[in-house]
Amino acid sequence: MSKSVIIRRPDDWHLHLRDGEMLKSIIRFTSQHFSRAIVMPNLFPPIVNSQDAIFYRNLILSAIPEGHIFQPLMTLYLTEGTDPDDVEKAAANRVIHAVKFYPVGASTNSQFGIFDLERVRPILERMSEIGLPLCVHGEVTDPEIDIFDREAVFIDRVLDPLRTRMPELKVIMEHITTSDAVDYVSQASSLLAATITPHHLIINRNHILVGGIHPHYYCLPVAKRQKHRQALRIAATSGSSHFFLGTDSAPHVTSMKENACGCAGCFTSINTMSLLAHVFEEEESLENLEPFSSLNGPKFYALEANTETLILKKQSEPVLWPKQIQTREGNVTVFDPGFDVYWQVEG
Ligand code: NCD
Ligand code: ZN
Ligand code: ZN
């Protein structure tokens, strides 16, 4: 008999859906497997207030293919102009589920972000009062700091001081890549959590740089050395409620990745669940796939877990995905784990 796993339907707690033709072409790869997703606001221009969020939510809803049931959970892009009253009202109406902090210069479209969190203190205080989570791109942008150290330094310079000043603020350290982040989050209260991507469980920095430069493995935060990947695998597969899935699936057209100045981001929506089953089986923790993908996230966001289920079956032949997804903006390269995967989502 072939091996199979049944889990509650998963959610994606960190996703880039973009807009325009890209949104229309890629959303199906999320809505076919996931019930909900925290949708990142880093469009150009970004989603900065409740009106933007409602507009973007409607755009997403109109792009969902027939027969798919999918709920986008919207976020606001934190700027110095963010209005605490607008945030509070949008949160009360369930228009938004989090606010996202991008340090200026840290990632795609982060130029509208924050230089100094002190300058948005009233907003953070309000979020703390109403229990609205802050999602964080956790890297410093100081040019003096080596890119491989930017996450660890962020914990010391920004995250820890923030949590000391505002111990009641709910924070999610997004797409963590280091053992430093794993240790810091593991030891914190239940008000701090972290999302982990499938690609950071699979690649280390050698994948990006050995034998030529591999732009499709370039994402931010950049993958670190093997010991960090190992720490992430232990954290993700542990079942600990501090850690849950955020794919950070971030499509860019192939020409913008294979470029003298290539964009950061891996497109993983299509194969995330298969890749996770593979990793969790390798770590002998298949029973913890459900907490990681379907239970810990809703718990942190104070939402119910999904009642529908998703079945993964281990087949005898490797699963085949398209190498590229076609969109009217150009092709998007699908994340290639570099090994055969036998776990297939049923249906
Ligand atoms: C993301 C994107 O392209 O929007 N890229 C990435 O490498 N992760 C931005 C982000 O999540 O930092
Ligand atoms: Zn980010
Ligand atoms: Zn992201």
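**Reading helix α3 and the nonpolar cores**

Modeller: On the far side of α3 from its buried residues, Lys89 and Ala92 are exposed, where exposed means over 50% relative accessible area, buried under 20% and partly exposed in between, with a 1.4 Å probe and protein chains only. This is a predicted model, in which local features need pLDDT of at least 70 and side-chain atom pairs pLDDT 80 or more, while totals for chains, interfaces and linings use all residues. Residues are numbered from 1 along each chain as its sequence is written, chains are lettered from A and ligands numbered from 1 in the order written, and side-chain values use heavy atoms, without hydrogens and water.

Biologist: Which residues of helix α3 are buried?

Modeller: Helices are DSSP runs of H or I, at least four residues, and strands runs of E, at least two, numbered from the N terminus. In α3 (residues 84-92), Pro84, Asp86, Val87, Ala90 and Ala91 are buried. They fall within an arc of 160 degrees seen down the axis, so they line one face of the helix; the arc is taken from the directions from the helix axis to the C-beta atoms.

Biologist: What covers the buried residues of α3?

Modeller: Contact means heavy atoms within 4.5 Å, and the cover includes α2 (50-63), β4 (71-77), β5 (96-101) and α4 (121-130).

Biologist: Which residues have the most contacts inside the largest nonpolar core?

Modeller: Such a core is a set of buried Ala, Val, Leu, Ile, Met, Phe, Trp, Tyr and Cys residues joined through side-chain atoms within 4.5 Å. The largest has 95 residues, and those with the most contacts inside it are Leu17, Leu78, Ile96, Leu124 and Leu134.
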